[in-house]
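Please work through the following exercises with the sequence and the coordinates at hand. Each task is followed by a solution in steps.

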Amino acid sequence: MLIVFLLVINSGRIFFLKYERVDTLAVLAPFAVIVALLQIIAWNADLFSVLLLAVSFLAFFTNIHGLARSASRLYVDHYSPVFIIFSVVILVSSLLTGFLIIRYAPVIIKASDFGVTESRKRLTGSFRDGFSEAVYTDKTNAQFYVYTPSKKKVDDLVVIVGSDKRGDAAAYRPYMIMLAGEGYTVITCDFCANDGRWFNSIADQHLIRRFAMLISYMNNSEQFLKQKDFYTFGMIREYKAMMNITGTEFGSGKKFFIVSDGMADTAADDVMKQSGGSVQGVFTLDSIPEYRTAGFGFVEQTDPLVSACFGLPRDKTLFIPRYLVVKTIDAIKGKNK
């Protein structure tokens with residue numbers, strides 16, 4: 001919304017900035033570009049952030065002449081028709097994007113409200129050589145997330161959540177928080193190692209990968225789903241890496257329970273068979289009919305714009321993640337009898 005505000009003031013000045021005033025508001029255009037880039041670096045790309053970055057760049061190029069005049073302390077004598085047209089386009093685009101951001105805002109969920117401690121750790125390394133905690137100068141090759149119950153654990157199992165690549169850790173966050181709130185340690189990891197590529201292109205960069213996955217699926221869903229064997233191979237490595245990372249973090253000898261979704265299901269079964277008993281069971285989220293966004297995560301809370309594509313509204317009641325937590329606990333208890 002800060003970016004929207006900057007763009008609206010910048011482009012809307014054609015209506016209130018009159019003659020004989022220095023055009024200093026032109027500087028808001030490059031500032032909007034900087035904030036838009038920082039937004040993507042901090043939270044990864046989605047439709048709104050990419051759209052705002054594109055509009056910010058349009059505003060920047062539209063205002064180059066104004067920036068030069070402002071730097072030279074020259075006064076505004078008039079706005080050209082072309083500048084006015086582009087400013088109106090930027091103004092309308094910014095206001096529309098702002099409306100959509102508010103309309104499809106994610107549901108705010110605080111881990112502390114559920115008695116859960118949420119932590120994230122940067123890791124460096126590869127699937128071949130293993131992963132370790134990254135220092136400031138290391139490249140981030142994985143983001144390891146841990147959700148720990150504040151109250152006494154009901155089970156010593158570590159629950160691993162394997163996300164379909166149309167989702168990421170953030171897309172499953174409501175479910176993981178609520179499962180941890182029931183007394184389970186829950187972990188997941190977003191990998192972006194050089195030997196774990198999915199596109200073999202710039203789309204593998206963690207800042208834009210989920211957005212690229214969504215575009216790839218929507219562009220040709222049948223072709224995307226035909227790649228399940230390739231995704232199974234990749235997810236087997238991710239599950240095993242998460243088990244190794246967990247051993248490093250919490251000590252060896254842990255027992256695991258895997259929760260999978262969509263393209264990650266087959267890999268979860270294969271890892272359990274190969275685990276020698278350390279993986280106690282598997283629960284597939286997409287086996288529950290009420291979970292209608294299989295492969296995408298809990299977008300009714302985390303990405304209401306995507307959920308709207310399924311005909312599902314933004315849901316503040318958290319019904320689906322609550323329901324799937326119940327089903328997951330039933331599966332865990334069934335495997336532990």
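The exercises below concern a predicted model and treat its confidence, its nonpolar cores and a surface patch.

**Exercise 1.** Determine which elements of the protein chain have the lowest and the highest mean pLDDT.

*Solution.* Begin with the chain as a whole: its mean pLDDT is 91, and 96% of its residues reach 70 or more. Next, compare the elements. Helix H4 (residues 64-71) has the lowest mean pLDDT, 78, whereas H6 has the highest, 97. As a reading rule, predicted coordinates should not be read in detail where pLDDT is low.

**Exercise 2.** Describe the largest nonpolar core and identify the element that gives the most to this core.

*Solution.* The largest nonpolar core comprises 33 residues, and Tyr175, Val186 and Leu285 have the most contacts inside it. Two or more residues each come from strand E3 (142-149), strand E4 (158-162), helix H6 (173-180), strand E6 (256-260) and helix H13 (319-335). Of these, H6 gives the most, with 6 residues. A second, separate core has 32 residues, including Phe127, Ile160, Ile187 and Phe256.

**Exercise 3.** List the residues that Tyr175 touches, not counting those up to four places away in sequence.

*Solution.* With that exclusion applied, the partners of Tyr175 are Val161, Val259, Leu285, Phe298, Pro321, Leu324, Val325 and Thr328.

**Exercise 4.** Is Val88 buried, partly exposed or exposed?

*Solution.* First, locate Val88: the residue lies in helix H5 (residues 81-103). Its relative accessible area is 33%. Buried requires under 20% and exposed over 50%, so Val88 is partly exposed. Finally, Val88 belongs to a nonpolar surface patch with Phe15, Phe16, Ile84 and Val92, and together these residues have about 440 Å² of accessible area.

Methods. Residues numbered from 1 in each chain as written. Predicted model: local features only at pLDDT ≥ 70, side-chain atom pairs only at ≥ 80, totals over all residues. Heavy atoms only, no water. Core = buried A, V, L, I, M, F, W, Y, C linked by side-chain atoms within 4.5 Å. Buried < 20%, exposed > 50% of the residue type's maximum accessible area, 1.4 Å probe, protein only. Helix = DSSP H or I, 4+ residues; strand = E, 2+ residues; numbered from the N terminus. Contact = heavy atoms within 4.5 Å. pLDDT = per-residue confidence, 0-100. Patch = residues over 30% accessible without salt bridge, like charges linked within 9 Å, V, L, I, M, F, W, Y side chains within 5 Å. Areas by Shrake-Rupley, 256 points an atom, 1.4 Å probe, with all protein chains shown as cover. Salt bridge = Lys/Arg side-chain N within 4 Å of Asp/Glu carboxyl O.
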